[in-house]
Amino acid sequence: MLTQIINGKILTANGWLEGGSIILSDSKILEIANSDLPRVGATIVDVRGDYILPGFVAMNIHGGGGHAFKEGTQEAFDTAVKTHLKHGATTIFPTIYTAKIEKIYNSAAVCEEMLKEGNSPVKGLHIAGPYFNPKMVKGFPGAKDPDKEEYLKILSDISCIKRWDLSPELPGAYEMAKILKWKNIVAGITHTQAEFEVVRDAFDAGFSHVSQLYNSMPGFHKRGEYKYEGTVESVLLLDDMSVEVIADGKHLPATILRLVYKLKGADMMSLVTCALKYADFNGELEPDSDFIIEDGVCKLKDHSSLAGSLATMDKVVQVAVAAGIPLEDAVKMASATPAKVMNCYDRVGSLEEGKDADIVLMNKELEVTGVWTQGIRYNG
């Protein structure tokens, strides 16, 4: 089945194309043409001047629509995926943030079943913890040093893990990173107090990415009479270490988004939601919840810290553009760059012939007006 999308501004891997069209054949992009002349047998979709963009890659995302991926049920996965798919996330790496190993196994079982389907936006699991610096995880019971016997068993039992975040300063963290790298799993730095030497050595050991830069890590600080670089400055000094930022307009101000963009560039900076299950959810929080929703963000009840985002992938693109980042780079940081970090750029992340037909339409206000995932238009 052929679909031809016309009358839009197409963001190709080589830049903007106007007056052309994009032709889908079943689940793949067949051609990006310089002409919008109708193809024989194709269903024509006129997008009336909207932007035609690559589908977004959500690589740090806890849930949505009232469900969290760590619930480990098909209902939770289906609800959260559909919630974010309608906002343009056509590739999703569910984040499991827990100290309970059985929750990792339960979520992995659902993930692996969805991977077998072949047409799901879910492309693998992102584990965060439980190997965290306990000083940097308020409200997370069970933080501990890497347990080699434990994580080796998990890695042996579960084949869908694509990324694992931990604190690099913990005993055994470098060894774990080396093992993750050997298995082609992204090792991410998070919830850390690491300064430059630790960050540099962590990079050499296999840590290649930094989760939610500026959040749950120190910047420039003082101990006694002297000043020290924080994790933030250390990471910014390492040109080959990629970073992500929670671009929900709440976790970081626009000035910091611009600063990271200036120092890292669109090729090494990804936009993430870090969305909790309350993203795009109109229900009530559980009566015994430790969280409150206030000012468009999720906070701990005692107002001591932000607890997570309510953003969707279209929102982070909007926030980046509002901060002064060009649209094409904002889209790149929500699609191509995270796809490269997560080692799936051969299939997704850009509009190119032979890649999955994952497409997002946005109007001039950057509102999502259409989504295709592997050639199928989403109508949820």
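This is a short guided tour of a predicted model, with suggestions for what to select at each stop.

**Stop 1: the open sheet**

Start by selecting strands β5, β4, β1 and β6. These four strands make an open sheet, in that order, and their pairing is mixed. At the edges you will find β5 (28-33) and β6 (42-46), each of which pairs on one side only. On average, neighbouring strands here are turned by 20 degrees against each other, direction ignored.

Now keep just β1 (residues 2-6) and β4 (residues 21-25) in view. The two strands pair in the antiparallel sense, and five bridges hold the pairing. Click on T3 and look across: L24 in β4 stands opposite T3. As you follow any such strand, remember that in a regular strand the side chains alternate between the two faces of the sheet.

Next, step from β4 to β5. These strands also run antiparallel, joined by five bridges. Which residue in β5 is the bridge partner of I22? Select I32, and you have that partner. Then move to the turn of this hairpin, where two residues lie between the strands. D26 is the one to pick in the β4 and β5 hairpin, with a positive phi near 55 degrees.

**Stop 2: T12**

Select T12 in strand β2 (residues 9-12). Is T12 buried or exposed? Its relative accessibility is 17%, and buried means under 20%, so T12 counts as buried. Show residues in contact with T12, leaving aside neighbours within four places in sequence, and you should see L17, I32 and L351. I32 is a residue you have already met as the bridge partner of I22. Zoom in on the side chain of T12 as well: one of its polar atoms lies 3.1 Å from the backbone nitrogen of N14.

**Stop 3: aromatic pairs**

Time to look at rings. The structure holds eight aromatic pairs. One of them is Y131 with Y151, an edge-to-face pair at 6.2 Å centre to centre and with 70 degrees between the planes. The pair links distant parts of the chain, 20 residues apart: Y131 sits in the loop between β12 (125-128) and α3 (148-157), while Y151 belongs to helix α3. Both Y131 and Y151 are buried.

Compare that with Y278 and F281. Their ring centres are 6.2 Å apart and their planes stand at 45 degrees, so this pair is tilted. Colour the two by accessibility: Y278 is buried, with a relative accessible area of 5%, whereas F281 counts as partly exposed at 30%. Before moving on, select Y97, F132 and F140 together, which ring pairs link into a cluster.

**Stop 4: charges over rings**

Two lysines deserve a click here. Select K355 with Y345: K355 lies over the face of the Y345 ring, 3.3 Å from the ring centre. Then go to K364 and Y51, where the charged end of K364 sits over the ring of Y51, 5.0 Å from its centre.

**Stop 5: L310**

Finish at L310, in the loop between β22 (306-308) and α8 (313-322). Add K277 to the selection: L310 and K277 are 33 residues apart in sequence, yet 7.9 Å apart in space, C-alpha to C-alpha. What is L310 in contact with, leaving aside neighbours within four places in sequence? Look for Y278, A279, D280, I293, G296, V297 and C298. Y278 brings you back to the tilted pair with F281.

Terms used:
Residues are numbered from 1 along each chain as its sequence is written. This is a predicted model: local features need pLDDT of at least 70, side-chain atom pairs count only at pLDDT 80 or more; totals for chains, interfaces and linings use all residues. Side-chain values use heavy atoms; hydrogens and water are left out. Buried means under 20% relative accessible area, exposed over 50%, partly exposed in between (1.4 Å probe, protein chains only). A polar contact is a pair of N or O atoms within 3.5 Å; within protein, one must be able to donate a hydrogen and the other to accept it, and residues adjacent in sequence count only if both atoms are side-chain atoms. Contact means heavy atoms within 4.5 Å. Two strands pair if DSSP finds at least two bridges between them. Axes are lines fitted to C-alpha atoms, for helices over the stretch in contact, and angles run from 0 to 180 degrees between N-to-C directions. Rings of Phe, Tyr and Trp (its six-membered ring) pair if their centres lie within 6.5 Å; planes under 30 degrees apart count as stacked, over 60 as edge-to-face and the rest as tilted. A charge sits over a ring if NZ of Lys or CZ of Arg is within 6 Å of the ring centre and within 35 degrees of the ring normal.
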